[in-house]
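Work through the exercises below with the model open. Each task is followed by a solution in steps.

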Amino acid sequence: MTARSTRCTTAAKTRTSRLAAVAAIAVAGSMLLTACGDQTNSQKPEGGSSSAVASNAPLFSKLPADIQKAGKIKVGTDASYAPMEFTQGEKIVGVDPDIAEALSKQLGVKFEFTSGTFDGLITSIYTGRQDLIMSSMTDNKKRQEGLDDSGKKIGKGIDFVDYFSSGVSLLVKKGNPQHINSLDDLCGKTVAVQRGTIYEDTFKAQATKCGDKKLTIQAFDTDAEAQTRVKAGGAVADLNDYPVASYIAKTSGGGNDFEVTGNQSDVGLFGIGVSKDKTQLRDAIKEALDAAIKDGSYGQALKQWNVEGSAVKQATVNAGQ
């Protein structure tokens with residue numbers, strides 16, 4: 001399970017536990033489809049591409065006529081998930097806005113981000129309030145087909161242009177003194193984790209796998225406490241979503257406290273959400289992403305946030321499972 005993949009009825013608990021860590025490091029769940037309502041108008045637009053309308057852009061002609069006329073693409077997001085999307089002052093910044101900037105240069109229109117609640121983003125596509133979703137949303141079949149967790153049809157679903165691959169990663173002390181490279185290396189050692197998260201569940205599953213070679217799990221109220229324990233040497237590793245773990249490694253102590261180790265596990269795809277009625281827009285976004293991958297601007301956006309390990313080699317549509 002990757003970030004932002006829970007359903008509405010459990011969103012509050014799951015996202016609170018996950019985003020506590022994000023709030024700490026940034027200093028500053030979701031409803032699967034429709035039941036929570038459209039809440040993306042809860043804040044004014046706070047950021048996005050600064051590119052001017054440019055009809056001579058390589059892929060401007062690929063866009064639907066109404067987008068060409070408007071000169072902008074309205075993007076719904078929940079700007080509370082550093083480093084993917086978060087606020088600095090009045091501006092929304094992060095991986096997704098930087099990728100949008102690369103797409104903007106290909107398409108010749110502005111990407112105007114508006115922050116709202118995550119559980120209202122899909123409804124904002126249904127109502128037409130937003131043209132796209134860029135909010136670290138996991139692409140899966142249920143969202144594509146408009147199904148709830150029981151398989152009941154509750155909406156028409158949306159399409160995804162897949163742009164980012166993310167799983168969970170181990171965060172260890174800088175220099176990796178215990179030579180941790182996988183979950184199996186944790187057997188016989190002590191780990192720290194935020195209580196009530198899927199990461200704690202992952203460690204518990206590994207503890208069962210370790211058997212007599214006991215894995216000791218220390219659970220804390222916040223991920224910041226778990227990080228402190230690892231930094232102090234009282235635990236060998238913490239676990240978090242890859243982009244969040246990478247952001248911690250890059251920013252904590254000026255990059256001198258932690259590092260990410262081993263391969264990502266439970267990897268899934270994040271997708272740019274588009275209405276199923278807007279296939280021309282979907283295809284234009286896909287073509288723009290492929291062009292940005294080819295010219296290097298996509299890779300540069302990821303490099304800036306230390307998440308190159310989540311790059312996709314080409315754009316795909318509805319490739320999530």
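Helices, of at least four residues, and strands, of at least two, are DSSP runs numbered from the N terminus. By that rule the protein has ten helices and 13 strands. The model is a predicted one.

**Exercise 1. Find how much of the protein is buried and what share of its accessible surface belongs to carbon and sulfur atoms.**

Step 1. A residue is buried when its relative accessible area is under 20%.
Step 2. Among the 321 residues, 53% meet this condition.
Step 3. The accessible surface amounts to about 13200 Å², and carbon and sulfur atoms hold 48% of that area.

**Exercise 2. Check the length of helix H6 against its expected span.**

Step 1. Helix H6 covers residues 198-210, which is 13 residues.
Step 2. The expected span is 1.5 Å times one less than the number of residues, so H6 should span 18 Å.
Step 3. The end C-alpha atoms of H6 are 18 Å apart, which agrees with the expected value.
Step 4. Buried positions in H6 include Ile-198, Tyr-199, Phe-203 and Cys-210.
Step 5. Just after H6, Gly-211 has a positive phi of about 65°.

**Exercise 3. Locate the disulfide that involves Cys-210 and determine its handedness.**

Step 1. Cysteine sulfur atoms within 2.5 Å count as a disulfide, and the count comes to one.
Step 2. The partner of Cys-210 is Cys-187, with an S to S distance of 2.0 Å.
Step 3. About the S-S bond of Cys-187 and Cys-210 the torsion is about -80°, so the disulfide is left-handed.
Step 4. This pair links distant parts of the chain, 23 residues apart: Cys-187 lies in the loop between strand S8 (158-173) and strand S9 (190-194), and Cys-210 in helix H6.
Step 5. Both Cys-187 and Cys-210 are buried.

**Exercise 4. Describe the largest nonpolar core and the surroundings of Ile-73.**

Step 1. In soluble globular proteins, nonpolar side chains tend to be buried together.
Step 2. The largest core here has 57 residues, and Ile-73 is among those that touch the most other members, as are Leu-63, Leu-107 and Ile-285.
Step 3. Helix H9 (residues 279-295) gives this core its largest share, seven residues.
Step 4. A second, separate core has 16 residues, including Leu-186, Val-191, Tyr-199 and Cys-210.
Step 5. Beyond four places in sequence, Ile-73 touches nonpolar and charged residues alike, among them Leu-63, Phe-111, Lys-110, Glu-112 and Asp-131.

**Exercise 5. Is helix H8 largely enclosed or open?**

Step 1. Helix H8 runs over residues 242-251, ten in number, and eight of them are buried.
Step 2. The buried ones include Tyr-242, Pro-243, Tyr-247 and Ile-248.
Step 3. H8 is therefore largely enclosed by the rest of the structure.
Step 4. Just after H8, Gly-253 takes a positive phi of about 60°.

**Exercise 6. Place Ser-310 and list what surrounds it.**

Step 1. Ser-310 sits in the loop between helix H10 (297-304) and strand S13 (316-317).
Step 2. Its relative accessibility is 0%, so Ser-310 counts as buried.
Step 3. Outside four places in sequence, the contacts of Ser-310 include Phe-164, Tyr-242, Gln-264 and Leu-302.

**Exercise 7. Give the strand order and pairing of the open sheet that contains S4.**

Step 1. The order is S3-S4-S5, with antiparallel pairing.
Step 2. Strand S3 (80-81) and strand S5 (91-93) are the edges, each pairing on one side only.
Step 3. Strand S4 (residues 85-88) is joined to S5 by three bridges, and Gln-88 stands opposite Lys-91 in S5.

Definitions and conventions:
Residues are numbered from 1 along each chain as its sequence is written. This is a predicted model: local features need pLDDT of at least 70, side-chain atom pairs count only at pLDDT 80 or more; totals for chains, interfaces and linings use all residues. Side-chain values use heavy atoms; hydrogens and water are left out. Buried means under 20% relative accessible area, exposed over 50%, partly exposed in between (1.4 Å probe, protein chains only). Contact means heavy atoms within 4.5 Å. Accessible areas come from the Shrake-Rupley method with a 1.4 Å probe; for residues, only the protein chains shown count as cover. Two strands pair if DSSP finds at least two bridges between them. A nonpolar core is a set of buried Ala, Val, Leu, Ile, Met, Phe, Trp, Tyr and Cys residues joined through side-chain atoms within 4.5 Å.
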